[in-house]
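This report goes through side-chain contacts, charge, surface patches and backbone angles in turn. The sequence and the structure are shown first.

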Amino acid sequence: MAVPKGKVSRQRRDKRRSSHWKLTAPALAKCPSCGAFKMPHRACAECGMYNGRQVIKVDEK
C-alpha cells in the first residue's frame, strides 16, 4: 500500500498549491464607437453599442 514517507510541512504544502490560485487579468478591447475599454463580446457600458448597433439605452450624465 502507498503510504507517505513523512509529514509534509505547511510551507512545502502551500508552496506546491500556490500556483493554482493565480488570477489572470481580464481581456479588454477598445469600443470602436467611443474608444472606452470593454470586455470582448459584451455591449459597451459607456455608449451601449454592440456589433455596430445600439443595444442598451445609456443615460447621459
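## K38 and its surroundings

A polar atom of the K38 side chain lies 3.2 Å from the backbone oxygen of R42. The model is a predicted one, and K38 is found in strand β2. K38 is buried and has no salt bridge. The nearest side chain of opposite charge is that of E46, 12 Å away. That distance does not meet the salt-bridge criterion, because a side-chain nitrogen of Lys or Arg has to lie within 4 Å of a carboxyl oxygen of Asp or Glu.

## R42 and the loop between β2 and β3

R42, whose backbone oxygen faces the K38 side chain at 3.2 Å, lies in the loop between β2 and β3. With a relative accessible area of 45%, R42 counts as partly exposed, because partly exposed covers the range between under 20% (buried) and over 50% (exposed). The side chain of R42 has a contact of its own: one of its polar atoms lies 3.2 Å from the backbone oxygen of P40. R42 and A29 are 13 residues apart along the chain, and their C-alpha atoms are separated by 9.8 Å.

H41 also lies in the loop between β2 and β3. Its relative accessibility is 66%, so H41 counts as exposed.

## Residues with positive phi

Most residues other than glycine have a negative phi. Which value does phi of H41 take? H41 has a positive phi of about 60°, although H41 is not a glycine.

N51 is another residue other than glycine with a positive phi, near 55°. N51 is found in the loop between β3 and β4, the latter strand covering residues 53–54. At 64% relative accessibility, N51 counts as exposed.

## Helix α1 and its charges

Helix α1 spans residues 10–17, and R17 has its place there. R17 is one of the residues of a positive surface patch, together with R12, K15 and R16. The relative accessibility of R17 is 45%, so R17 counts as partly exposed. R17 therefore passes the accessibility cut-off for patch members, which is over 30%.

How many salt bridges does the structure hold? The structure holds 1 salt bridge. R13 forms a salt bridge with D14, and the closest N and O atoms of the pair are 3.0 Å apart. Both partners count as partly exposed: R13 has a relative accessibility of 29%, and D14 has a relative accessible area of 38%. D14 would pass the over 30% cut-off, but patches are made of residues with no salt bridge, so D14 is not a candidate.

K15, a member of the positive patch, also takes part in a contact through its backbone. The backbone oxygen of K15 lies 3.0 Å from a polar atom of the S18 side chain. S18 lies in the loop between α1 and β1, the strand at 29–30. S18 is partly exposed, with a relative accessible area of 43%.

## A nonpolar surface patch

Which residues make the nonpolar surface patch? L28, F37 and M39 do, and the patch has an area of about 340 Å². M39 lies in the loop between β2, residues 37–38, and β3, residues 49–50. The relative accessibility of M39 is 42%, so M39 counts as partly exposed.

Technical notes:
Residues are numbered from 1 along each chain as its sequence is written. This is a predicted model: local features need pLDDT of at least 70, side-chain atom pairs count only at pLDDT 80 or more; totals for chains, interfaces and linings use all residues. Side-chain values use heavy atoms; hydrogens and water are left out. Patches are made of residues with over 30% relative accessible area and no salt bridge: like charges are joined within 9 Å, nonpolar side chains (Val, Leu, Ile, Met, Phe, Trp, Tyr) within 5 Å. Accessible areas come from the Shrake-Rupley method with a 1.4 Å probe; for residues, only the protein chains shown count as cover. Lys and Arg count as positive and Asp and Glu as negative; His and the chain ends are not counted. The place of a charge is taken as NZ of Lys, CZ of Arg, CG of Asp or CD of Glu. Helices (H or I, at least four residues) and strands (E, at least two) are DSSP runs, numbered from the N terminus. Buried means under 20% relative accessible area, exposed over 50%, partly exposed in between (1.4 Å probe, protein chains only). A polar contact is a pair of N or O atoms within 3.5 Å; within protein, one must be able to donate a hydrogen and the other to accept it, and residues adjacent in sequence count only if both atoms are side-chain atoms.
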